[in-house]
Amino acid sequence: MPDFSFIQITDHHLLESEGQIREGFVPGYALHMVMKHIAAHVAGKADFILSTGDLVEPPTEAAYACAIRLLGLAPAATAPGPQKVNSEGLHDYPMYFLPGNHDDREMLTRCLFPGSEPVELYNFAFEHKGVQFIFMDWGPESKAVFLRETGNFLYQALQSALPSVIVCHQHVKPIGSRWLDSFIADEIDDFWEIVTARGIREKVLGILCGHAHITYEDEYEGIQILGLRSTAFPFAKTDGPTLILAPPHYRFVSIQNNVLTSRIYRVVI
Ligand SMILES: [Fe+2]
């Protein structure tokens with residue numbers, strides 16, 4: 001299996017124009033600076049960028065048009081892509097988008113994949129250089145829901161002999177913040193039962209999440225869990241919502257010899 005790397009970014013919360021302000025933050029400008037940093041420092045060493053959700057908030061056609069314009073996206077024929085980014089010196093650079101709870105799945109697929117049937121649940125699996133990527137959907141509410149359909153999809157995908165990376169928006173294990181941890185699915189034990197089953201857990205290289213707007217590393221029964229700060233507005237790990245002034249993060253992820261490791265980059269803006 002050839003080694004490769006990719007880049008995770010998350011929670012962009014774009015508004016209808018690049019310069020629009022939200023709670024003192026400018027999500028469009030911040031994403032623009034993150035992409036610029038990626039292009040200058042790491043894009044040449046990675047195969048693609050992966051966004052783990054909340055591309056826009058609220059979801060409107062104009063907000064998705066802003067995202068498409070900002071990233072210079074060339075539409076992809078079928079979901080989940082990749083899309084091709086053309087901005088900040090990146091040319092046709094592959095990028096995948098998962099919807100977050102703030103995205104409208106139907107609108108996102110219609111805007112990003114005009115030739116594709118809109119989907120209600122963004123569950124996809126694909127192979128990249130011998131590794132399976134499993135995009136799984138916890139639904140369009142802040143609080144995750146482990147739907148039976150998603151459970152069946154996850155179970156089936158993990159029957160593959162390939163090593164797998166699970167990618168989702170909502171987080172899967174408490175991070176130590178009462179309000180954020182109330183968003184974890186009530187059915188989370190059913191999820192872990194599937195993922196940690198004998199013969200399965202050994203194949204799971206890691207789980208990448210967004211949603212919490214906080215960078216962290218954790219594990220569950222030996223399975224690595226990685227969360228990431230929002231590019232738009234970071235939260236503090238407090239029991240209620242607290243915004244903090246801190247530079248956006250992105251995560252550079254490498255898979256070598258079936259081991260997933262990563263490094264966080266800070267983007268001072
Ligand atoms: Fe978010």
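Axes here are lines fitted to C-alpha atoms, for helices over the stretch in contact, and angles run from 0 to 180 degrees between N-to-C directions. Helices (H or I, at least four residues) and strands (E, at least two) are DSSP runs, numbered from the N terminus. The model is predicted: local features need pLDDT of at least 70, side-chain atom pairs count only at pLDDT 80 or more, and totals for chains, interfaces and linings use all residues. Residue numbers start from 1 along each chain as its sequence is written.

**Stop 1: α1 and α2**

Select helix α1 (residues 27–41) together with α2 (61–71). The two pack at an angle of about 30°, and their axes are 11 Å apart. That makes α1 roughly parallel to α2 (angles under 35 degrees count as roughly parallel, over 145 as roughly antiparallel, 65 to 115 as roughly perpendicular and the rest as oblique). To see the interface, show Gly28, Leu31, His32 and Met35 in α1, which meet Cys66, Leu70 and Leu71 in α2. Contact means that two residues have C-beta atoms, placed from the backbone, within 7 Å.

**Stop 2: α3 and what covers it**

Move to helix α3 (residues 105–112), where Leu108, Thr109, Cys111 and Leu112 are buried. A residue is buried if 20 or more other C-beta atoms lie within 10 Å of its own, exposed if 12 or fewer, and partly exposed in between, with C-beta atoms placed from the backbone. The four cover an arc of only 165° around the axis, so they are on the same side of α3; the arc is that of the directions from the helix axis to the C-beta atoms. Add α2, β3 (83–85) and β4 (93–97), which are among the elements covering these residues.

**Stop 3: β4 and its partners**

Keep β4 selected: four of its five residues are buried. Two strands pair if DSSP finds at least two bridges between them. Strand β2 (residues 49–51) pairs with β4 in the parallel sense over three bridges, and Leu50 stands opposite Tyr96 in β4. β3 pairs with β4 in the antiparallel sense, also over three bridges; here Gln83 has Met95 of β4 as its bridge partner.

**Stop 4: the six-stranded sheet**

Now select the open sheet of six strands, ordered β5-β6-β7-β8-β10-β9, with mixed pairing. β5 (124–128) and β9 (216–220) stand at the edges, each with a single partner strand, so one side of each has no neighbour in the sheet. From one strand to the next, the twist averages 20°. Within the sheet, pick strand β7 (residues 164–168) and strand β8 (residues 204–208), which pair in the parallel sense over four bridges. Val167 stands opposite Leu208 in β8. Then add helix α4 (residues 148–157), which lies across β5 and β6 (131–136) and runs at about 175° to β6.

**Stop 5: two buried loop residues**

Centre on Gln170, in the loop between β7 and α5 (178–181). Gln170 is buried, with 27 other C-beta atoms within 10 Å. Leaving aside neighbours within four places in sequence, its contacts are Asn101, Trp138, Ala144, Phe183, Cys209 and His211.

Finish at Asp11, in the loop between β1 (4–9) and α1. Asp11 counts as buried, with 27 C-beta neighbours inside 10 Å. Which residue, 219 places along the chain from Asp11, has its C-alpha atom 4.7 Å away? That residue is Ser230. Beyond four places in sequence, Asp11 is in contact with residues including Gly53, Asp54, Gly100, His213 and Ser230.
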